[in-house]
Amino acid sequence: MMAGTKQPTQNEAENGLQNRDTDAPAPPSSLRRKRPAPFALSTGLLVLALTAVPIPAAAVPKADLWAIWLPSEKTSTQTVDHSAWQRFLDSYVSPAATGVNLVNYSAVTSADREALNGYLASLAALDPRGLNKDEQLAYWINLYNALTVEVVLRNPKKGSILRMGAGFLSIGPWDDKLFEVAGEPLTLNDIEHRIIRPIWADHRIHYAVNCASIGCPNLSTTAYSGAAIDEQLAAAERDYINHERGVRFTDRGKLQLSSIFKWYREDFARTEAELIAYLTGLHDTLAGELESYQRGVDYKYDWNLNRPPP
């Protein structure tokens with residue numbers, strides 16, 4: 001979801017985060033990055049960072065269509081080769097006992113980093129507008145997730161993606177120009193909020209894009225594919241809702257939801273009551289409690305990196 005594209009506050013960026021490892025080597029030239037000048041921070045985000053207030057809904061990126069990415073080829077049978085991404089997932093992503101898929105970033109070899117960058121270069125060489133809609137969606141989700149992993153690999157000292165922005169005061173890398181497709185420079189926010197969300201208008205997308213954080217829906221151990229995209233999104237949705245970081249009751253009986261459901265409420269439901277009804281229909285064990293719940297809701301998100309403990 002981008003989940004990794006929220007606009008977090010400075011106290012969230014400093015909460016429980018630790019440095020580790022050594023500086024990563026410079027990225028290959030095939031990944032184009034235009035680093036913003038220091039202090040290139042929006043006024044609204046700067047206010048959030050300096051005052052450390054909770055994230056208001058207005059600070060969360062809205063779905064804002066970038067119309068040049070609307071075209072598709074409905075009858076196209078072309079498929080995108082995501083096998084290199086699958087090999088990376090097979091090697092470095094594994095479910096923990098907690099139910100969170102962890103990425104062993106520190107174990108990634110130089111050869112596998114080169115293979116990951118080669119995969120990204122292969123995506124850059126494609127114009128996804130020549131694909132059918134399902135292949136397009138798989139393309140954009142896998143690109144988003146692979147780019148996010150590549151950002152983390154370039155920042156091995158950082159314990160949270162919130163500290164991985166290019167600018168001195170940047171909170172996260174989501175507005176950094178990381179990539180080019182069909183000659184257009186792209187940010188992670190562009191991919192999620194200007195392409196995926198407005199074009200597909202499917203709330204399940206929030207369970208597929210991964211922000212390299214514990215609180216985020218899992219980085220799937222299986223690369224997304226056009227042929228299986230609907231089943232994969234449905235499985236990711238049910239998995240997150242049925243995990244305690246998505247939906248849980250505290251020891252005092254208070255309903256606690258992932259902040260994703262607050263940040264992107266409009267994508268899930270019009271009201272909090274409708275949101276709870278939506279979650280009720282997909283929860284395997286808490287449906288009864290959710291259906292009768294009448295109290296307020298707390299929201300929580302863990303921005304620590306989705307890596308194995310040291």
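## Helix 3 and its surroundings

The buried residues of helix 3 pack against four elements: strand 1 (93–95), strand 2 (101–103), helix 4 (110–124) and helix 5 (133–153). Keep in mind as you browse that this is a predicted model. Which residues of helix 3 are buried? Within its span, residues 83–92, they are W85, Q86, F88, L89 and Y92. Looking down the axis of helix 3, these buried residues fall within an arc of 160°, so they line one face of the helix.

The face of helix 3 turned away from that buried side looks quite unlike a packing surface: R87 and D90 sit there, and both are exposed.

## Helix 4 against helix 5

Two of the partners of helix 3, helix 4 and helix 5, also pack with one another, at an angle of about 145° and with their axes 11 Å apart. Is their crossing left-handed or right-handed? For helix 4 and helix 5 it is left-handed.

If you would like to display this interface, select R113, L116, N117, Y119, L120, L123 and A124 on the helix 4 side. They meet Y139, N142, L143, A146, L147, V149, E150 and L153 in helix 5.

## Aromatic pairs

How many aromatic pairs does the model hold? The count comes to 17. One of them joins W69 and W140 in an edge-to-face arrangement, 5.3 Å centre to centre and with 80° between the planes. W69 lies in the loop between helix 2 (43–51) and helix 3, whereas W140 belongs to helix 5, so this pair ties together parts that are 71 residues apart in sequence.

Both tryptophans are shielded: W69 counts as buried because its relative accessibility is 2%, under the 20% cut-off, and W140 is buried too, with a relative accessible area of 1%. W140 also pairs with Y139, again edge-to-face, at 5.0 Å centre to centre and 85° between the planes. Y139 is buried as well, its relative accessible area being 0%, and it is one of the helix 5 residues that meet helix 4. Elsewhere, Y207, Y240, F261, F268 and Y278 form one aromatic cluster.

## Charges over rings

W69 has a further partner: R129 lies over the face of its ring, at 4.8 Å from the ring centre. A lysine does likewise with another tryptophan, since K133 lies over the face of W200, at 4.7 Å from the ring centre.

## A buried serine in a loop

S213 is worth a look too. Where is S213 placed? It is in the loop between helix 6 (188–200) and helix 7 (229–241). With a relative accessible area of 2%, S213 is buried.

Which residues is S213 in contact with, leaving aside its neighbours within four places in sequence? They are I161, Y301, D302, W303, N304 and N306.

## The chain as a whole

Stepping back, the secondary structure of the protein chain comes to 11 helices and seven strands. Of its 310 residues, 51% are buried.

Sequence separation rounds off the picture. Taking contacts in the protein chain between residues at least 6 apart in sequence, 77% join residues at least 24 apart. The pair of W69 and W140, with its parts 71 residues apart in sequence, gives you a concrete place to zoom in.

Terms used:
Residues are numbered from 1 along each chain as its sequence is written. This is a predicted model: local features need pLDDT of at least 70, side-chain atom pairs count only at pLDDT 80 or more; totals for chains, interfaces and linings use all residues. Side-chain values use heavy atoms; hydrogens and water are left out. Buried means under 20% relative accessible area, exposed over 50%, partly exposed in between (1.4 Å probe, protein chains only). The arc is that of the directions from the helix axis to the C-beta atoms. Contact means heavy atoms within 4.5 Å. Rings of Phe, Tyr and Trp (its six-membered ring) pair if their centres lie within 6.5 Å; planes under 30 degrees apart count as stacked, over 60 as edge-to-face and the rest as tilted. A charge sits over a ring if NZ of Lys or CZ of Arg is within 6 Å of the ring centre and within 35 degrees of the ring normal. Axes are lines fitted to C-alpha atoms, for helices over the stretch in contact, and angles run from 0 to 180 degrees between N-to-C directions. A crossing is left-handed if the near helix is turned anticlockwise from the far one by less than a right angle, and right-handed if clockwise.
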